[in-house]
Amino acid sequence: MNAAQLDHTAKVLAEMLTFKQPSDAVLSAYFREHKKLGRQDRHEIAETAFAALRHYQKISTALRRPHAQPRKAALAALVLGRSTNISQIKGLLDEEETAFLGNLKARKTEFSDGLNTAAELPQWLVEQLQQHWSEEEILTFGRSINQPAPLDIRVNTLKGKRDKILPLLQAESADAEATPYSPWGIRLKNKIALNKHELFLDGTLEVQDEGSQLLALLVGAKRGEIIVDFCAGAGGKTLAVGAQMANKGRIYAFDIAEKRLANLKPRMTRAGLTNIHPERISSEHDTRIARLAGKADRVLVDAPCSGLGTLRRNPDLKYRQSAETVANLLEQQHSILNAASKLVKPQGRLVYATCSVLPEENELQVERFLSEHPEFELVNCAELLQSLKVDLDTGKYLRLNSGEHQTDGFFAAVLQRKD
């Protein structure tokens, strides 16, 4: 890292470490304002800024109010998160900074004493997890989400087959490999500029984590069916379901955010899908939803959640969430699941999912729903996946974690309305 890159990184961290905005939004805005920064500059700044987020517990233990001392936070990120030797950057350091980094390295063993610093998790999250997990499980989780995520992509089956596309990508990137579980997925450990790739531009490839692809598989949509994606967002799962249906039938993509649905429309066009109907709703109680009561073959509820399963990609989330925000989400999830269930026809399927690892948002939420809705029964996810020739058994629920499955932390339950 050179002096100019360090200066830019410090400016980014001064805002990022307040946790008032998502870190990727802070970074994107900064790069838009500094258009002259080259590709290597952006890489160094982004990698160091995200290293600071991943090692924030240790940095904040050694540095009071890191956002107010962003240059030192950037230097600490280089040493703790990017394995930079102090000798490599001594030309950038004054006497006080050299002493600070020396002390930081000397304290490394001390950082393993507290569970929150050892696992790089804030105290509120450690306390939440301790209700369900052992100390070893918390440490394993913390370490697994402190690794950068690979790039997972999905082959759009309307436009290509994985066994034909994979060799083309391997010719460009030797580390490209088939995902172990999803029949549509390809994983790249070293990220490429996919948004400029011809196979992305023509709709053959779409960015989607393997866990999210498995969720679309569990929906099990068939040609000609009526499907509702109740919380569609920008539509990654909607697109996968549309391809699964071979563009036949009808998918209603509901969301409360116009901007997210606007992002879905060009993706639909690129993917060659015409069976998706995006519609903005005001809430889960919007009267326009009622017209589909008891008519949907399958309803997917990818519920608003804490996002704690995506911490490899969004390490700042654990500092922008709290026990209070999670408590509020639990009531919202319950309300949405109740509303969505009314759309499912007899023998129809309701799939509830989150990208969270908290049982409160996952198993406990489903158990609460089933206790209130005896007209629904749980379908075993492991058996469903086995019938789809997917060799993955996490029990009656789909439970994915970064350490074991190399995916984001995903949860899903499949529920069926009784006849």
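Helices (H or I, at least four residues) and strands (E, at least two) are taken here as DSSP runs. On this basis, in the predicted model, the chain over residues 141-418 is 35% helix and 22% strand. The C-alpha atoms at the two ends of this segment are 37 Å apart. The segment corresponds to an unreviewed UniProt entry, which lists residues 141-418 as "domain: SAM-dependent MTase RsmB/NOP-type".

Strand β9, spanning residues 344-354, is mostly covered, with 8 of its 11 residues buried. Strand β8 (residues 296-302) pairs with β9 in the parallel sense, over 6 bridges. Within this pairing, aspartate 302 has alanine 353 of β9 as its bridge partner. Strand β9 is also joined by 6 bridges to strand β12 (residues 410-417), and these two strands run antiparallel. Here leucine 350 is partnered by leucine 415 of β12.

Aromatic contacts were examined next. The structure holds 8 aromatic pairs. One of them is formed by phenylalanine 230 and phenylalanine 254, whose rings are edge-to-face, at 6.2 Å centre to centre and with 90° between the planes. Phenylalanine 230 belongs to the loop between β5 (226-229) and α13 (236-244), while phenylalanine 254 belongs to strand β6 (residues 250-255); the pair therefore ties together parts that are 24 residues apart in sequence. Phenylalanine 230 counts as buried because its relative accessibility is 3%, and phenylalanine 254 likewise counts as buried, at 0%.

A further pair is made by tyrosine 397 and phenylalanine 411, which are tilted, with 5.2 Å from centre to centre and 45° between the planes. Tyrosine 397 is located in the loop between α18 (381-387) and β11 (398-400), and phenylalanine 411 in strand β12, so this contact ties together parts that are 14 residues apart in sequence. Tyrosine 397 is buried, with a relative accessible area of 2%; phenylalanine 411 also counts as buried, at 1% relative accessibility. Strand β12 thus contributes phenylalanine 411 to the ring pair and leucine 415 to the bridge with leucine 350.

Ring pairs additionally link Phe19, Tyr56 and Tyr319 into a cluster. Charged side chains are also placed over aromatic rings. The charged end of lysine 72 sits over the ring of phenylalanine 100, at 5.3 Å from the ring centre. In a second arrangement, the charged end of arginine 270 sits over the ring of phenylalanine 200, at 4.1 Å from the ring centre.

Conventions. Residues are numbered from 1 along each chain as its sequence is written. This is a predicted model: local features need pLDDT of at least 70, side-chain atom pairs count only at pLDDT 80 or more; totals for chains, interfaces and linings use all residues. Side-chain values use heavy atoms; hydrogens and water are left out. Buried means under 20% relative accessible area, exposed over 50%, partly exposed in between (1.4 Å probe, protein chains only). Two strands pair if DSSP finds at least two bridges between them. UniProt positions are given in the numbering used here, feature names are shortened, and annotations may be inferred rather than shown by experiment. Rings of Phe, Tyr and Trp (its six-membered ring) pair if their centres lie within 6.5 Å; planes under 30 degrees apart count as stacked, over 60 as edge-to-face and the rest as tilted. A charge sits over a ring if NZ of Lys or CZ of Arg is within 6 Å of the ring centre and within 35 degrees of the ring normal.
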